[in-house]
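The exercises below ask you to work through charged pairs and a chain interface. Please look over the sequence and the structure before you start.

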Amino acid sequence: MGKKKVTKKQFAEILFYWVSSDLTEKNIKRKAKELGFRIRPWRSIKDFNKLFFELLILDMWLIEYTCENFYSNDEEKFECEELFNQLIYDRYVDKERYSYKEWTILVTSLLIGYDEAIKTDHPSTPLWIVTNVINRRLFGEINKSLSFQMTMIAHIELFIEYLGGALINYEVE
Amino acid sequence: MNTKKSNDDNILSIGELAKVSGVRQSTLKYYTEIGILPFSQDGERLIRRYKKDESLKRLDEIMKLKERRMTIKEITGHFKSTLYG
């Protein structure tokens with residue numbers, strides 16, 4: 001079967017669909033349990049939003065990372081990424097709190113944290129350093145839980161594998 | 001840390017511009033290549049240098065156009081028409 005041709009906008013929608021399916025309320029609550037991240041009853045919205053935000057940024061980075069070799073040229077890459085980022089802003093971000101510029105600068109600074117982490121040498125996998133970044137952002141300091149690290153690494157690897165597998169079916173026109 | 005700093009504070013390397021602007025190096029490189037971020041080249045190795053104030057102003061303009069949902073192609077067209085129009 002041939003690849004399905006999609007426009008850049010449609011491709012950005014596919015990427016958004018991927019993120020929104022991953023970040024459902026049910027999934028976030030399940031991940032909180034798996035990661036040992038407490039959503040405390042007296043501040044449940046704040047805790048939930050904190051985890052949601054970190055996983056959103058991580059998913060955005062994973063999408064960029066997975067799609068890196070998918071695009072046929074830089075123009076396609078930047079246009080698709082831009083459209084995807086706009087969908088995230090339009091559908092997830094509180095506009096009263098962040099202007100588009102403020103949001104972009106905030107996200108970029110957080111993505112750079114992952115960019116740098118993945119370039120770090122590590123005896124087993126640089127993903128270990130990436131998960132350290134998430135760990136520190138969620139708990140304020142590195143929570144020395146092997147289970148957290150392994151769960152996050154599994155999440156990252158599965159995300160890349162499944163998304164990579166799904167993208168094979170598409171071609172941006 | 002072993003980072004080389006440009007001699008003139010107003011002239012920046014791409015890495016320095018990324019730091020002060022909060023824009024990723026890969027994005028700056030792309031903007032440079034499509035001609036919407038002006039630069040100069042100096043030295044034998046033709047290293048790209050950016051005027052700080054001019055570049056930050058340009059990046060701010062790009063951000064505003066992106067906020068208006070203009071595509072990169074439209075933004076490129078916008079600056080070309082501003083330059084030649």
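A salt bridge is taken here as a side-chain nitrogen of Lys or Arg within 4 Å of a carboxyl oxygen of Asp or Glu. The model is a predicted one, in which local features need pLDDT of at least 70 and side-chain atom pairs count only at pLDDT 80 or more, whereas totals for chains, interfaces and linings use all residues. Side-chain values use heavy atoms, with hydrogens and water left out, residues are numbered from 1 along each chain as its sequence is written, and chains are lettered from A in the order in which they are written.

**Exercise 1.** Find which parts of chain A the salt bridge between A:Glu75 and A:Lys8 ties together.

*Solution.* Begin with the pair itself: the side chains of A:Glu75 and A:Lys8 meet at 3.9 Å, N to O. Next, place each residue in its helix (a DSSP run of H or I, at least four residues, numbered from the N terminus). A:Glu75 belongs to helix H4 (residues 74-92) and A:Lys8 to helix H1 (residues 8-22), so the salt bridge links parts that are 67 residues apart in sequence.

**Exercise 2.** Determine whether A:Asp47 is buried or exposed, and do likewise for its partner A:Arg43.

*Solution.* The closest N and O atoms of the salt bridge between A:Asp47 and A:Arg43 give 3.1 Å. Now apply the cut-offs, by which buried means under 20% relative accessible area, exposed over 50%, and partly exposed in between (1.4 Å probe, protein chains only). A:Asp47, at 2%, is buried, while A:Arg43, at 33%, is partly exposed.

**Exercise 3.** Describe the salt bridge between B:Glu33 and B:Lys29.

*Solution.* The closest N and O atoms of B:Glu33 and B:Lys29 are 3.5 Å apart. Both residues lie in helix H2 (residues 25-33) of chain B, four residues apart, which is about one turn of the helix. B:Glu33 is partly exposed at 42%, and B:Lys29 is partly exposed at 42%.

**Exercise 4.** Characterise the interface of chain A and chain B.

*Solution.* Start with the contact (heavy atoms within 4.5 Å), which takes 18 residues from chain A and 15 residues from chain B. The two chains bury about 1600 Å², 55% of it on carbon and sulfur atoms, where buried area is the accessible area (1.4 Å probe) lost on putting two parts together, summed over both. Finally, count the charged pairs: six salt bridges cross the interface, and one of the salt bridges joins A:Glu82 to B:Lys66 at 3.2 Å.

How values were computed
Helix = DSSP H or I, 4+ residues; strand = E, 2+ residues; numbered from the N terminus.
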